[in-house]
Amino acid sequence: MIASFDALEILLALGLTVTALACLFDRHLVRACCFFVAFALAMTLAWWQLGAPWLAAVELLLGAVLTGLCFFYALGRFFPGVSSSLERDSFNEPWSRSFARLLLALAWFVMVGAAIRYVITDMVYSPDEQPLLLAGVMITASALGAFALHRHLLRRLLAFNILGSGVFMLLAGVAGTSASAQALITVGLCIAWLGSMLGALLIRQLLHLEGVDALGRDGNPKENAT
Amino acid sequence: MIWRFGLFESTFAPLVSTHWALCIALGFPFLMGLLAALFPPKRMWPVALACLPVLASGWVLLSAYDQAGLLRWQWDVAGVSLSLRLNGLSVLLLLTTQWIGVAAALYTPGSLRLSEPQPLSRWLWPLMGVLLSALSLIWLASDLLTLYVALELMGLSAVGMLLLSGKVAALLAGMRYLLLALVGSLAYLLGVALILGHWGRLDLQGLAAVVEPGPVAWIAAALIGAGLALKAALFPMHGWLSPVHGNAWTPVSALHAALVIKASLFMLLQLWSILLPDTFYAPRVIALLGMLAIVWGGLLAWRTDSLKTLVASSTVAQLGYLMVVFPLLLGPDIAPLPRALAWEGFWLQLIGHAFAKAAMFMAAGNLILATGESTLKGLAGTSRRLPLSLLIFGVASVTLMGLPPSSGFTAKWLLLEAMLISQQWWAVAALLTGTLLTAAYVFRMFRYSFDDSAPRHHYQPLAPGMDLIALSLALTAFGLGLLAHFTLALMRGGGV
């Protein structure tokens with residue numbers, strides 16, 4: 001029984017990581033958004049598996065349905081004729097920048113991993129295997145790297161959502177699914193949804209005013225030194 | 001440090017009238033904002049009428065604190081405990097928020113009427129209401145969950161308000177701010193997760209008792225610090241600030257620079273005083289960045305051509321003064337006297353800057369609205385035609401420069417005394433450099449405005465009261481220096 005449980009968890013963790021990576025790095029924007037919905041569904045299953053049905057319901061409603069709708073709205077799938085819709089974006093970043101972002105993601109990975117290692121060893125129970133926690137660390141690291149790497153606004157919004165889910169997964173892994181942790185995660189999910197909605201509205205408005213070019217550059221190119 | 005934030009048991013339970021005042025202070029701005037979205041006010045008097053209960057609630061809370069000392073509220077909702085506390089500092093910051101919020105709300109109808117009609121302008125009211133409610137909640141909250149909720153509400157409503165002007169530049173800057181603010185709050189949340197996992201509780205009072213220095217506290221403090229510093233536009237992460245202010249409406253800029261940024265700083269200091277008491281390096285790093293902020297922000301404000309960028313960059317520099325004080329507040333081996341002086345100077349500087357910066361943004365908004373130009377060169381000739389707006393700008397800059405008898409002077413006097421006693425000469429040097437740079441960029445702005453050789457162009461007349469509101473804010477910032485004993489008595493925490 002326990003072995004099958006573990007296998008299911010490992011499968012879920014793998015599914016989460018793969019869909020997250022696909023969503024973050026697929027060049028085709030519509031496909032990336034589809035992967036995001038798949039990721040949110042996998043998160044729902046993961047919450048169910050962790051024994052938090054309330055969070056599973058919230059994730060299904062806010063994460064998969066409503067946030068997914070926000071992204072497809074931003075892509076212009078609902079009113080195709082109104083203004084130009086988005087198809088794909090291209091990576092034309094210099095190698096130095098990509099390398100710096102990779103280093104950043106790795107440093108983040110090491111820091112969060114170390115912190116969690118410390119917290120977990122100090123806790124009373126000793127978890128042998130926590131595949132979902134590992135998946136959370138992986139997802140946050142790659143999402144942070146993607147957030148720093150991409151300039152396309154929709155991609156950054158996607159990366160933020162994945163980053164958020166990774167952080168919630170870490171929170172649940174580190175602090176368990178106590179009432180306080182569930183409250184924190186619920187608030188976080190609501191905020192992520194509100195933020196995505198605001199971002200989707202903004203992206204549509206920018207497309208309407210400026211065309212597709214406006215999304216590629218994040219603000220003024222001069223100010224992007226950071 | 002912990003007792004200064006009021007994280008201890010209270011002697012008296014709050015009275016019924018105090019409960020009502022609390023409900024009104026927290027909920028009324030939001031309700032009035034919704035009402036104003038349905039029926040947008042065109043004149044000043046309905047707004048003034050709606051603001052009266054809020055101001056009255058602040059007054060009741062002040063007198064309640066005066067009589068009973070620290071007050072606490074605690075609720076258990078579905079196994080989650082939420083708690084609020086009201087100490088002298090929270091009363092002071094609450095009153096600051098309410099007065100500046102009311103001033104911004106009163107300023108708004110005139111400013112909206114004079115600028116070109118905007119389709120989204122009615123949404124300003126509910127967002128402003130949510131912002132003021134969330135800010136009031138931040139000053140009072142004493143557990144990490146309530147703080148998180150309030151921080152997020154404040155951040156999202158602030159982003160929404162900044163976007164309302166609808167120009168492309170505003171949208172791009174706002175999108176960037178939105179993404180950075182959201183990622184900042186995730187960093188905060190991860191820090192909270194570590195705290196919850198390690199110590200298993202979220203209430204600040206309980207955490208203050210159980211937290212001990214170690215890798216978990218350090219990493220949690222680093223994550224929380226990074227997230228909040230991003231939201232507070234502390235020095236290396238200030239890049240989003242100027243573009244955001246450049247295109248926003250005047251009352252929005254005033255509220256944002258005066259209060260929103262300060263709320264993140266308040267949370268940062270409060271949480272670090274719990275997680276990192278008496279550490280050596282972290283406050284030093286903040287102070288070093290603060291010195292760079294003073295110089296860099298001053299230089300940016302000195303070199304810029306746009307009036308709003310000048311005011312926004314001066315915020316970066318003024319935040320630097322607050323960052324420089326961190327070692328005195330959190331560092332080890334600081335004697336009680338300099339620590340108390342630094343504490344009082346810190347909050348007096350913060351509150352004085354809030355009033356002065358709100359007044360300055362309103363004065364700058366008035367000048368831009370009247371002349372129709374947003375550059376410094378466009379100010380030529382305003383000394384004759386718009387002397388009152390320039391006077392307000394001047395009175396506000398007296399506070400920023402720290403000339404006597406403004407609150408900026410009193411605050412810097414207290415800070416200098418603390419730095420001299422604890423022999424932090426580099427901080428003294430930073431303070432003096434900052435004053436010189438402030439004088440440099442303020443006088444540069446005045447030099448343009450006294451240029452009489454410019455051709456005369458048409459000036460848009462301002463709505464009545466727009467100058468008076470800004471003037472009253474500037475005079476409050478000025479007068480706080482003379483009446484500093486009231487604020488200092490409240491800040492000392494113990495008895496009045």
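Does Gln424(B) count as buried or exposed, and at what relative accessibility? In this predicted model, Gln424(B) has a relative accessibility of 6% and therefore counts as buried, the cut-off being under 20%. The residue sits in the loop that links helix 17 (407–421) to helix 18 (425–449) of chain B. Once the neighbours within four places in sequence are set aside, the contacts of Gln424(B) are with Arg284(B), Pro327(B), Leu328(B), Ile334(B) and Met419(B).

The loop that holds Gln424(B) can also be placed against the record for chain B. There, an unreviewed UniProt entry gives the annotation "domain: NADH:quinone oxidoreductase/Mrp antiporter transmembrane" for residues 141–438. In the model this span is 80% helix and 0% strand, and the C-alpha atoms at its two ends are 35 Å apart.

Chain A is a helical chain too, with eight helices and zero strands. Read from the N terminus, its elements follow the order α-α-α-α-α-α-α-α. The chain has 226 residues, and 54% of them count as buried. Among the contacts in chain A with a separation of 6 or more, 77% join residues 24 or more positions apart.

The UniProt record, again an unreviewed entry, lists the feature "transmembrane region" for several stretches of chain A, including residues 6–25, 99–120 and 157–175. Two of these stretches can be compared with the model directly. Residues 6–25 are 100% helix and 0% strand, with end C-alpha atoms 29 Å apart. For residues 157–175 the composition is likewise 100% helix and 0% strand, and the end C-alpha atoms lie 27 Å apart.

Leu158(A) offers a view from inside chain A. This residue belongs to helix 6, which covers residues 153–175. Its relative accessible area is 1%, so Leu158(A) is buried. Beyond the neighbours within four places in sequence, Leu158(A) is in contact with Cys23(A), Ala32(A), Cys33(A), Phe36(A) and Phe71(A). Trp108(A), by comparison, is 50 residues from Leu158(A) in sequence and 19 Å away in space, C-alpha to C-alpha.

The surface of chain A comes next. About 10,200 Å² of the chain is exposed, and 70% of that area is supplied by carbon and sulfur atoms. A nonpolar patch of about 810 Å² is formed on the surface by Leu21(A), Phe25(A), Phe99(A), Leu102(A), Leu103(A), Leu106(A), Phe109(A), Val110(A) and Met138(A). Helix 1 (2–25) and helix 4 (95–122) of chain A each contribute at least two residues to the patch. Helix 4 gives the most, with six residues, and Leu102(A) is found in that helix.

Finally, the two chains meet at an interface where 44 residues of chain A are in contact with 36 residues of chain B. The area buried between chain A and chain B is about 3,700 Å², and carbon and sulfur atoms give 87% of it. On the chain A side, Leu184(A), Ile191(A) and Leu202(A) lose the most area to chain B, together accounting for 16% of what that side buries. The count of salt bridges between chain A and chain B is zero.

How values were computed. Residues numbered from 1 in each chain as written. Chains lettered and ligands numbered in written order. Predicted model: local features only at pLDDT ≥ 70, side-chain atom pairs only at ≥ 80, totals over all residues. Heavy atoms only, no water. Helix = DSSP H or I, 4+ residues; strand = E, 2+ residues; numbered from the N terminus. Buried < 20%, exposed > 50% of the residue type's maximum accessible area, 1.4 Å probe, protein only. Contact = heavy atoms within 4.5 Å. Areas by Shrake-Rupley, 256 points an atom, 1.4 Å probe, with all protein chains shown as cover. Patch = residues over 30% accessible without salt bridge, like charges linked within 9 Å, V, L, I, M, F, W, Y side chains within 5 Å. Salt bridge = Lys/Arg side-chain N within 4 Å of Asp/Glu carboxyl O. UniProt positions renumbered as here; feature names shortened; annotations may be inferred. Buried area = accessible area lost by both parts, 1.4 Å probe.
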